[in-house]
Amino acid sequence: MIEEEVEIRATDGMSEGVLFRPADERRIPGALFLTDIGGIRPATRDMARRLAAEGYCVLMPNVFYRTARPPVFDFPRVLGEERTMKRIAELSAPVTPEVMERDASDYVEFLAAQDSVGDGAMGVVGHCFTGGMSMRAAAARPDRIAAAASFHGVRLFTDAPTSPHLVLPRIKARLYFAHAVKDNSMPAEAIEKLNGALEAWGGKYESEIYEDAYHGWTALDSPVYSSPQAERAFQKLSELFAETLKIDRA
């Protein structure tokens, strides 16, 4: 596998990224790996690299390119701390719902243009802040995105006119949602409402709460990282992509 630093020419500017591609001339399914608010860093590189090893050409873009180049944090993140919360606001504010769809489409185009990527379906996975972005990617590019997953995604169902669940009618992909317990950004009531919206949508999906897994449990450098539940999350993602993107396991 080749791990390559890339620049993605997006509609609104230049986004840095990391491309994980096979060293040979194989053409394989493409996948977008969208990071949590911590951005591109060793932990997310390890996670994206492991996904690529399953047989995908993986693009991990800097979704916060409007604000900073990686690393987007130059100090330890401590949720609730004033400095951390200020930085989170700086990073997230420019990435509006409209921007998410526009950027996601640009990332898909960049990935589709790679020699290592086949002409078939792609997948996308988002974490935390980008859980909703994975849904918006599927809505923006139903022609290419056949699988979308969200791990401890935030505010996936709200009363706002920009709530991610409202893009469901435009989505054709198979969806997977893994929720944390006691998550103020996605409480039990919101999960229940999201599940109702998914049922009304009528597409193929799975939505579940991970027992004893707290917000951020999948990130290798998270203070609440849970190895058993992170492993389960990876296996669910692996199964989703294998069954949807038609990977030949032989």
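1. A helix's expected span is 1.5 Å times one less than its number of residues. Helix H6 covers residues 227-244, 18 residues in total, and runs 26 Å from its first C-alpha to its last, close to the 26 Å expected. Please keep in mind that this is a predicted model.

2. On to what H6 buries. Its buried residues are Gln 229, Ala 230, Ala 233, Phe 234, Leu 237, Ser 238, Leu 240, Phe 241, Ala 242 and Thr 244. As background, an α-helix has 3.6 residues a turn, so residues three or four places apart point the same way. The partners that the buried residues of H6 pack against are helix H1 (42-52) and four strands: S3 (30-33), S5 (122-127), S6 (145-151) and S7 (174-179). Just after the helix, Lys 246 has a positive phi of about 65°.

3. Next, the aromatic rings. The whole structure holds five aromatic pairs. In one of them, Tyr 56 and Phe 241 have ring centres 5.6 Å apart and planes at 70°; edge-to-face means over 60 degrees, so this pair qualifies. Tyr 56 belongs to the loop between H1 and S4, while Phe 241 belongs to helix H6, so the contact between rings ties together parts 185 residues apart in sequence. Tyr 56 counts as buried because its relative accessibility is 1%, and the cut-off is under 20%. Phe 241 is buried as well, with a relative accessible area of 0%.

4. Another pair worth a look is Phe 64 with Phe 129, which is tilted, with 5.7 Å centre to centre and 40° between the planes. Phe 64 sits in the loop between S4 and H2, and Phe 129 in the loop between S5 and helix H4 (131-140), so this pair links parts that are 65 residues apart in sequence. Both Phe 64 and Phe 129 are buried.

5. You may also like two arginines placed over rings. The charged end of Arg 83 is over the ring of Phe 75, 4.0 Å from its centre. Arg 77 lies over the face of Phe 73, 5.7 Å from the ring centre.

6. Finally, where does Pro 70 sit? Its place is the loop between strand S4 (57-61) and helix H2 (82-92). Pro 70 counts as partly exposed because its relative accessibility is 30%, and that class runs between 20% and 50%. Leaving aside neighbours within four places in sequence, Pro 70 is in contact with Glu 16, Ile 40 and Asn 62. The C-alpha atoms of Pro 70 and Glu 239 are 30 Å apart, with their positions 169 residues apart along the chain.

Key: Residues numbered from 1 in each chain as written. Predicted model: local features only at pLDDT ≥ 70, side-chain atom pairs only at ≥ 80, totals over all residues. Heavy atoms only, no water. Helix = DSSP H or I, 4+ residues; strand = E, 2+ residues; numbered from the N terminus. Buried < 20%, exposed > 50% of the residue type's maximum accessible area, 1.4 Å probe, protein only. Contact = heavy atoms within 4.5 Å. Phe/Tyr/Trp six-rings, centres within 6.5 Å; stacked < 30°, edge-to-face > 60°. Lys NZ or Arg CZ within 6 Å of the ring centre and 35° of its normal.
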